[in-house]
Amino acid sequence: MITIALSKGRIFEETLPLLAAAGIVPAEDPESSRKLIIGTSRPDTRIIIVRASDVPTYVQYGAADLGVAGKDVLVEHGGEGLYQPLDLEIARCRMMVAVRGDFDYAGAVQSGARLRVATKYVQTAREHFAAKRMHVDLIKLYGSMELAPLVGLAEAIVDVVSSGNTLRANGLVPVEEIDAISARLIVNQAALKLKHAELQGILDTVRAAVAGRRGAS
Ligand code: ATP
Ligand code: PRP
């Protein structure tokens, strides 16, 4: 049995065409079904539905053989026990520092002010500000980071930005790009040895589908 860990929403939807190339079509839609284990058109393959930030954990411990996770999530997880053979070039966004439109970020950086930074990406933020030799107080949040500067919880946030609509709607502006983000296929290192033929087959087909799509765009 091959088990693939996916999160609902954009990762599930954008991974579907790539799995279809390997003949893997889910039997149910996780948005309407409450099931967490979903069969597929291939009797030897099932999909488990987990939180986006939990995907690396399921794959690390071998509860799933394969998974799809954003680079943002993988940096926070650390990547232990994971093989990351393929950038799927889906769920693209950018990891950014953002502040209120009326906040002088450049001035604060220059004067060496100690900033409060709210984020769910604590590891990413810690590395970014350490590289800039900036002293910051990191405040861990689990979502809606854009609110923090509006109510005085923090001066800055670190979050993913795609269209920029969420920042704009809340009067925030991006001031620094930390990283370009996309989702990666991740594989349990032990499973890749034990189930080599099956997993390599899926990997090769998905890799070809990603390359084919790149060629078509
Ligand atoms: P969790 O449920 O664990 O809190 P989440 O809410 O961040 O995670 P999703 O919103 O489904 O989960 O995002 C999954 C991945 O898609 C993220 O890890 C990131 O790599 C990417 N992503 C997040 N927001 C966007 C966006 N607005 N546009 C494109 N990709 C995004
Ligand atoms: C993410 C992120 C931002 C937003 C950025 O949230 O935390 O809030 O997307 O996207 P934008 O630049 O296109 O506005 P979430 O996963 O909730 O996004 P969603 O609203 O698309 O689900």
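A polar contact is taken here as a pair of N or O atoms within 3.5 Å. With that cut-off in hand, the two ligands of this predicted model can be examined in turn, beginning with ligand 1.

The side chain of S53 offers a good starting point: one of its N or O atoms is 2.8 Å from an oxygen atom of ligand 1, and the pair therefore falls within the 3.5 Å limit for a polar contact. The side chain of R10 likewise places an N or O atom 2.8 Å from an oxygen atom of ligand 1. For K120, the distance from a side-chain N or O atom to an oxygen atom of the ligand is 3.0 Å. On its own, ligand 1 would expose 620 Å², of which 77% is buried by the protein.

These three residues belong to a wider shell. Around ligand 1 there are 16 residues, and those that come nearest are R10, R51, S53, D72 and K120. By character, the shell is made up of seven nonpolar, six charged and three polar residues. Ligand 1 itself is found in the largest pocket, and two helices, α1 (10-21) and α3 (71-77), are the elements that each supply two or more residues to its shell. Both domains take part in this surrounding: domain 1 (2-91 + 182-216) and domain 2 (93-180) each provide at least three residues.

Attention now turns to ligand 2, which also sits in the largest pocket. The residues surrounding ligand 2 are R10, E146, D159, V160, V161, S162, S163, G164, N165 and T166. R10 thus appears in the surroundings of ligand 2 as well as among the residues that come nearest to ligand 1. In the shell of ligand 2, five residues are polar, three are charged and two are nonpolar.

Both side chains and backbone approach the oxygen atoms of ligand 2. A side-chain N or O atom of T166 is 2.5 Å from an oxygen atom of the ligand, while a polar atom in the side chain of E146 lies at 2.7 Å from a ligand oxygen. G164 takes part through its backbone, with a polar atom 2.8 Å from an oxygen atom of ligand 2. Of the 500 Å² of accessible area that ligand 2 has by itself, the protein covers 56%. Strand β9 (156-161) and helix α6 (165-169) are the elements contributing two or more residues to the shell around ligand 2; of these, β9 gives the most, with three residues.

Technical notes. Residues numbered from 1 in each chain as written. Chains lettered and ligands numbered in written order. Predicted model: local features only at pLDDT ≥ 70, side-chain atom pairs only at ≥ 80, totals over all residues. Heavy atoms only, no water. Near = heavy atom within 4 Å. Polar contact = N/O pair within 3.5 Å; in protein donor to acceptor, adjacent residues only side chain to side chain. Areas by Shrake-Rupley, 256 points an atom, 1.4 Å probe, with all protein chains shown as cover. 1 Å grid on protein atoms, 1.4 Å probe; cavity = no way out; pocket = protein on both sides within 12 Å on 5 of 7 lines; lining within 4 Å. Sits in = over half its atoms within 2 Å of the grid points. Helix = DSSP H or I, 4+ residues; strand = E, 2+ residues; numbered from the N terminus. Nonpolar A, V, L, I, M, F, W, Y, C, P; charged D, E, K, R; others polar. Domains from an automatic or database assignment.
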